[in-house]
Amino acid sequence: MKEKIKKIILGYLPGFITGIIVCGSISVIAATYFPSNQTTYDNTNTELKSENVQDAIDELYGVCFPKYGSDTITDLVETNPNELYKDEHGDIRYYGKSPNNYVSFNNELWRIIGVIDGKIKIIRNESIGNYYWAAVDNDSNNWDKSDLKGYLNNEYYNGIDTLYKNMISEETYYLGGTEWNRDNILTTGEFYNAERSNSVYSGNPTSIKQHIGLMYPSDYGYAAGSSCLNTVLYDYGNSCKNSDWLFNGTTELLQTPYNSLFYYVTVLYNSGSISGGSVSRPSGASPNAVRPVLYLSSDIKITGGDGSQSDPYEISL
């Protein structure tokens, strides 16, 4: 039977801290995320003690679940009741077919991808409609100059209720990409590395600071859990989509351009597969679904809800 587990965290730290936690009879080292004040966790109690969203996810994650990575992948506890795991980069992610990661944002239903790059990352549950990456024929896949980037970070962003708009953190989004002849052989981890690489089409930026973006191919890949770790994203349509909560049966645009074809970007197809799509209308481009993604400020607090679809987390500054 699991012992009472407590973590005492002192002060606010601008990064990770390491704590020694006792899980049963085994002492383990765990990473804790940006605590906002002195907080006590007790994992024998199902009621969250944390008000801060990042602390609460760390509390849910607990310390009895092993780190997810190449050296411990076989030890991952897929029966994690909170459907959370830590990937090989130290990010905590929700995985599975239907985790309780719903949050009310802008009076809409959004979902928490996890604690990514030290920040809470969320995605709108439903598409805001079908949009072109580029509204001009034969335009390039340069995200910084794209019509979609302009719309999301101007009209859409400015249309968010002020209460929630103040919760959004302007963050770095990576724009590295893969080549056309390699997109069908990359696993989730390989896509992750490509997204954060300096490999871009000539003239395209490698990253950008913005308030609103799209999810990465790797976000979709990691959401299926460890059983799909070695499956290339092109093949997710076979079975991995059935255990991936980010798959909703639509064809939608993703954040990652190609670095070898100036008019191609990555797309999540309604089959569940990740592949390329053209932004050039004469070459067959069509508007696709868009689910905005954003990062919340680290001091956002949970004020209600249990994370289920019927009772999503309520948040406030």
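These entries record what I looked up in a predicted model, covering one helix, the nonpolar core and two loop residues.

**Conventions.** I number residues from 1 along each chain as its sequence is written, and side-chain values use heavy atoms, with hydrogens and water left out. Local features need pLDDT of at least 70 and side-chain atom pairs pLDDT 80 or more, whereas totals for chains, interfaces and linings use all residues.

**Helix H2.** I took helices (H or I, at least four residues) and strands (E, at least two) as DSSP runs numbered from the N terminus. For the 12 residues of H2 (residues 147–158), the expected span, 1.5 Å times one less than the number of residues, is 16 Å, and the end C-alpha atoms are 16 Å apart, which agrees. I then found Leu148, Lys149, Leu152, Asn153, Tyr156 and Tyr157 buried in H2 (under 20% relative accessible area with a 1.4 Å probe, protein chains only; exposed is over 50%, partly exposed in between). These residues lie on the same side of H2, because they cover an arc of only 125° around the axis, taken from the directions from the helix axis to the C-beta atoms.

**Core.** In the largest nonpolar core (buried Ala, Val, Leu, Ile, Met, Phe, Trp, Tyr and Cys residues joined through side-chain atoms within 4.5 Å), Phe105, Ile122, Leu294 and Leu296 touch the most other members of the 63 residues. Strand S8 (residues 108–116) gives the largest share of this core, five residues.

**Loops.** Asn106, in the loop between S7 and S8, has a positive phi near 60° and is buried at 15% relative accessibility. Asp117, in the loop between S8 and S9, has a positive phi near 55° but is partly exposed at 38%.
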